[in-house]
Amino acid sequence: MNDKITVGIADMKMAQGTGILITYALGSCIGLCFHDPRLRLGALLHVMLPLNMEAGRKNQLKYADTGIRETLRQMEIKGASRSRITVKIAGGARMFEVKGGNLGNIGQRNIESVHTVLKQEGIRLLAEDVGGTVARTLLFDPVSGQGCIKSYGRQDVLF
């Protein structure tokens, strides 16, 4: 009943009525927990970068903009309604100090992109645990909509 379904980097998995979705190594990456409570349907998306500028969009799930839209599309195929879907997010840490670099803080850029796309798509953001300098492991129960964040040196965060 509590089978763990692992979501890799630049990946998304869905579960309905059973299982726990889990993703590891959320440094500057963002984990997004999508939930439709009526269907007890959940999806966990692990995005790496804020915007898809890749020609041909080979892996839409790698990017916040296309990954969020693709996850919503797949949830809607299973009967989810945007009016019911909510999201919780974690990650976006500043893992490395880059001196003289012009890329900036990728974690912060990921956070901003996720916020923007969720707003554009009309999806409610219920909770977030973002920023800081620690990597996170994110677990998500699609039945209850409960998330749990585990980080080294920190107490578990339920959200």
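Visitor: What share of the 159 residues of the protein chain counts as buried?
Guide: Happy to start there, with the reminder that this is a predicted model. A residue counts as buried when its relative accessible area is under 20%. Of the 159 residues in the protein chain, the share that meets this is 48%.

Visitor: Which radius of gyration does the protein chain have, and why does it agree with a compact globule?
Guide: For 159 residues, a compact globule would come out near 15 Å. The protein chain agrees with that expectation, because its own radius of gyration is 15 Å.

Visitor: In what order do the elements of the protein chain run from the N terminus on?
Guide: There are two helices and ten strands to place. Starting at the N terminus, the order is β-β-β-β-β-α-β-α-β-β-β-β.

Visitor: Is Thr86 buried or exposed?
Guide: Let's locate Thr86 before judging it: this residue belongs to strand β6, which covers residues 86–91. The cut-off for burial is under 20% relative accessible area. Thr86 has 9% relative accessibility, so this residue counts as buried.

Visitor: Which residues does Thr86 touch, leaving out those up to four places away in sequence?
Guide: One partner is 52 residues away along the chain: the C-alpha atoms of Thr86 and Phe34 are separated by 5.7 Å. A contact here means heavy atoms within 4.5 Å. On that basis, Thr86 touches Cys33, Phe34, His35, Ile123, Arg124 and Leu126.

Visitor: How far apart do the centres of the positive and negative side chains lie?
Guide: The protein chain carries 21 positive and 14 negative side chains. Taking the centre of each set, the separation is 1 Å.

Note on methods:
Residues numbered from 1 in each chain as written. Predicted model: local features only at pLDDT ≥ 70, side-chain atom pairs only at ≥ 80, totals over all residues. Heavy atoms only, no water. Helix = DSSP H or I, 4+ residues; strand = E, 2+ residues; numbered from the N terminus. Rg over C-alpha atoms; globule rule 2.2 N^0.38 Å. Buried < 20%, exposed > 50% of the residue type's maximum accessible area, 1.4 Å probe, protein only. Lys, Arg positive; Asp, Glu negative; His and termini not counted. Charge placed at Lys NZ, Arg CZ, Asp CG, Glu CD.
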